[in-house]
Each structure stands twice: as C-alpha cells, then as structure tokens.
Amino acid sequence: MGKIVLHLDRVMLEQKISLNELAEKIGITNVNLSKLKNNKVTAIRFSTLEAICRILQCQPGDILKYEE
C-alpha cells in the first residue's frame, strides 16, 4: 500500500528558510511544522498547504509525493 510523503525539508533547504521562520510566516507552531517536515502526520489542512506554497512560492506537487 502506498502513502503520501512530504518533501518539505528539501524545499525549505532550497529556499534557505528555517523551520522557525516558516512556522511564523504560515501561522503554525514549530512543533506542528516539524511534524509535517518529518512526515509524522496523517493529514494536512488545505489552508496550511496553501500557506506553505504561498510562502515557499511552490506548487503542492513540489512538496507532496505518492510513494509505493
């Protein structure tokens, strides 16, 4: 069975933005962003995904990937 994997860490590295800075800009806690970054979540709100994409100037497909 496959799963959706977040590659947020890679995009953050490319954009040279820290966890603290991104969390502040999108309005979530460092702990919750860390869980997203480390694939420790089973769901993500569209509003959070939209905010991440707005700040990082990326598309959802840049940070989400389906893996078998």
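The accessible surface of the protein, computed on a predicted model, comes to about 4900 Å², and carbon and sulfur atoms account for 50% of it. Accessible areas were obtained by the Shrake-Rupley method with a 1.4 Å probe, and for residues only the protein chains shown count as cover. In this predicted model, local features need pLDDT of at least 70 and side-chain atom pairs count only at pLDDT 80 or more, whereas totals for chains, interfaces and linings use all residues. Residues are numbered from 1 along each chain as its sequence is written, and side-chain values use heavy atoms, with hydrogens and water left out.

The protein carries 10 positive and 8 negative side chains (Lys and Arg count as positive, Asp and Glu as negative; His and the chain ends are not counted). The centres of the two sets lie 4 Å apart, with each charge placed at NZ of Lys, CZ of Arg, CG of Asp or CD of Glu.

Five helices and two strands make up the secondary structure, in the order β-α-α-α-α-α-β from the N terminus. The radius of gyration is 11 Å, close to the 11 Å that the globule rule gives for 68 residues, so the protein is as compact as a globular protein of that length. Helices (H or I, at least four residues) and strands (E, at least two) are DSSP runs, numbered from the N terminus. The radius of gyration is taken over C-alpha atoms, and the globule rule is 2.2 Å times the number of residues to the power 0.38. Along the principal axes, the C-alpha atoms fill a box of roughly 35 × 20 × 20 Å. Of the contacts (heavy atoms within 4.5 Å) between residues at least 6 apart in sequence, 63% join residues at least 24 apart.

Buried residues (under 20% relative accessible area, with exposed over 50% and partly exposed in between; 1.4 Å probe, protein chains only) make up 29% of the 68 residues. The largest nonpolar core has 17 residues, and those with the most contacts inside it are Leu 8, Leu 22, Leu 33, Ile 52, Leu 56 and Ile 63. Two or more residues of this core come from each of α1 (8-15), α2 (19-26), α3 and α4, and α4 gives the most, with five residues. A nonpolar core is a set of buried Ala, Val, Leu, Ile, Met, Phe, Trp, Tyr and Cys residues joined through side-chain atoms within 4.5 Å. Not counting residues up to four places away in sequence, Leu 33 touches Leu 8, Leu 19, Leu 22, Ala 23, Ile 26 and Ile 28.

In α4, the buried residues are Thr 48, Leu 49, Ala 51, Ile 52, Cys 53 and Leu 56; they pack against α1, α2, α3, α5 (60-63) and β2 (64-67). Thr 48 counts as buried because its relative accessibility is 15%, and beyond four places in sequence it touches Ile 28 and Leu 36. Helix α4 is followed by Gln 57, whose phi is positive, near 50°.

Arg 45 is found in the loop between α3 (30-37) and α4 (46-56) and counts as exposed, at 64% relative accessibility. The C-alpha atoms of Arg 45 and Ile 17 are separated by 21 Å, with the two positions 28 residues apart along the chain counted as their spacing.

Leu 64, in strand β2, counts as partly exposed at 27% relative accessibility. Leu 64 and Ile 4 are 60 residues apart in sequence and 6.6 Å apart in space, C-alpha to C-alpha. Leu 64 touches Ile 4, Val 5, Leu 6 and Leu 49, not counting residues up to four places away in sequence.
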